[in-house]
Amino acid sequence: MTSAASIDALSSVFSVPGMDCPSEERLIRLALDPAPDVESVACDFTLRRVVVTHRGPAVDVLSR
């Protein structure tokens, strides 16, 4: 069995078409920061995307 600690970190890019201000970024961070599998969150307002470095399936991040 593979433990979570042995899984390499992944980077997933999520499109967030409505993200265009810091308050929306804050909402995203509030949803993702408490997750133990999320290592970092980077928001790009120009491209309206969020890049999340995480361990485990991207669907777990997306569900948050």
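**Exercise 1. The elements of the chain**

How many helices and strands does the protein chain have?

Solution. The model examined here is a predicted one.
Step 1. Counting the elements gives two helices and three strands.
Step 2. Going along the sequence, these elements come in the pattern β-α-β-β-α.
Step 3. The protein chain has 64 residues, of which 23% count as buried.
Step 4. Contacts along the chain can also be sorted by sequence separation. Of those between residues at least 6 apart in sequence, 57% join residues at least 24 apart.

**Exercise 2. The sheet**

Work out the order of the strands in the sheet and state which strands are at the edges.

Solution.
Step 1. The three strands make an open sheet in the order E1-E3-E2, and their pairing is antiparallel.
Step 2. Strand E1 (10-15) and E2 each pair on one side only, which makes them the edge strands.
Step 3. On average, and with direction ignored, neighbouring strands of this sheet are turned by 20 degrees against each other.
Step 4. As general background, strands of a sheet pair through backbone hydrogen bonds, in a parallel or an antiparallel way.
Step 5. E1 pairs with E3 over six bridges, in the antiparallel sense. One residue to locate here is Phe-14, whose bridge partner in E3 is Val-50.
Step 6. The pairing of E2 with E3 is antiparallel and has six bridges. Ala-42 has Val-51 in E3 as its bridge partner, and Val-38 has His-54 in E3.

**Exercise 3. The turn between E2 and E3**

Which residue in the turn of the hairpin has a positive phi?

Solution.
Step 1. E2 and E3 form a hairpin, with four residues between them.
Step 2. Arg-48 belongs to the loop that runs from strand E2 (38-44) to strand E3 (49-54).
Step 3. The phi of Arg-48 is positive, about 50 degrees, although Arg-48 is not a glycine.
Step 4. For context, most residues other than glycine have a negative phi.
Step 5. The relative accessibility of Arg-48 is 35%, so this residue counts as partly exposed.

**Exercise 4. Helix H1 and two glutamates**

Describe how H1 is placed against the sheet, then decide for Glu-24 and Glu-25 whether each is buried or partly exposed.

Solution.
Step 1. H1 lies across E2 and E3, and H1 runs at about 170 degrees to E2.
Step 2. Glu-24 is a residue of helix H1, and Glu-25 is also found in helix H1.
Step 3. Glu-24 has a relative accessibility of 25%, so it counts as partly exposed.
Step 4. Glu-25 has a relative accessible area of 18% and is therefore buried. The cut-off needed for this step is that buried means under 20%.
Step 5. With neighbours within four places in sequence left aside, Glu-24 is in contact with Gly-18 and Met-19. With residues up to four places away in sequence not counted, Glu-25 touches Cys-43 and Phe-45.
Step 6. Cys-43 also serves as a reference point for Glu-24: the two are 19 residues apart along the chain, and their C-alpha atoms are separated by 9.9 Å.

**Exercise 5. Arg-55**

Where is Arg-55 found, and is this residue buried or partly exposed?

Solution.
Step 1. Arg-55 sits in the loop between E3 and H2.
Step 2. Its relative accessibility is 30%, so Arg-55 counts as partly exposed.
Step 3. Arg-55 and Glu-39 are 16 residues apart in sequence, while the distance from C-alpha to C-alpha is 7.7 Å.

**Exercise 6. The largest pocket**

Which residues line the largest pocket, and which element gives the most to the lining?

Solution.
Step 1. In general, empty space is found by rolling a probe the size of a water molecule over the atoms.
Step 2. The largest pocket holds about 170 Å³ of space.
Step 3. The lining is made up of Phe-14, Val-16, Ile-28, Ala-31, Leu-32, Val-50, Val-61, Leu-62 and Arg-64.
Step 4. Helix H1 (22-32) and helix H2 (58-63) are the elements that give two or more residues to this lining.
Step 5. H1 gives the most, with three residues.
Step 6. Sorted by kind, the lining residues are eight nonpolar, no polar and one charged.

Note on methods. Residues are numbered from 1 along each chain as its sequence is written. This is a predicted model: local features need pLDDT of at least 70, side-chain atom pairs count only at pLDDT 80 or more; totals for chains, interfaces and linings use all residues. Side-chain values use heavy atoms; hydrogens and water are left out. On a 1 Å grid over the protein atoms alone, a cavity is a set of points where a 1.4 Å probe fits but cannot get out, and a pocket is an open set with protein on both sides within 12 Å along at least five of seven lines; lining residues have an atom within 4 Å of a point. Grid points are joined across faces, edges and corners, and a volume is the space filled by probe spheres set on the points. Ala, Val, Leu, Ile, Met, Phe, Trp, Tyr, Cys and Pro count as nonpolar, Asp, Glu, Lys and Arg as charged, and the others, Gly among them, as polar. Buried means under 20% relative accessible area, exposed over 50%, partly exposed in between (1.4 Å probe, protein chains only). Two strands pair if DSSP finds at least two bridges between them. Axes are lines fitted to C-alpha atoms, for helices over the stretch in contact, and angles run from 0 to 180 degrees between N-to-C directions. Contact means heavy atoms within 4.5 Å.
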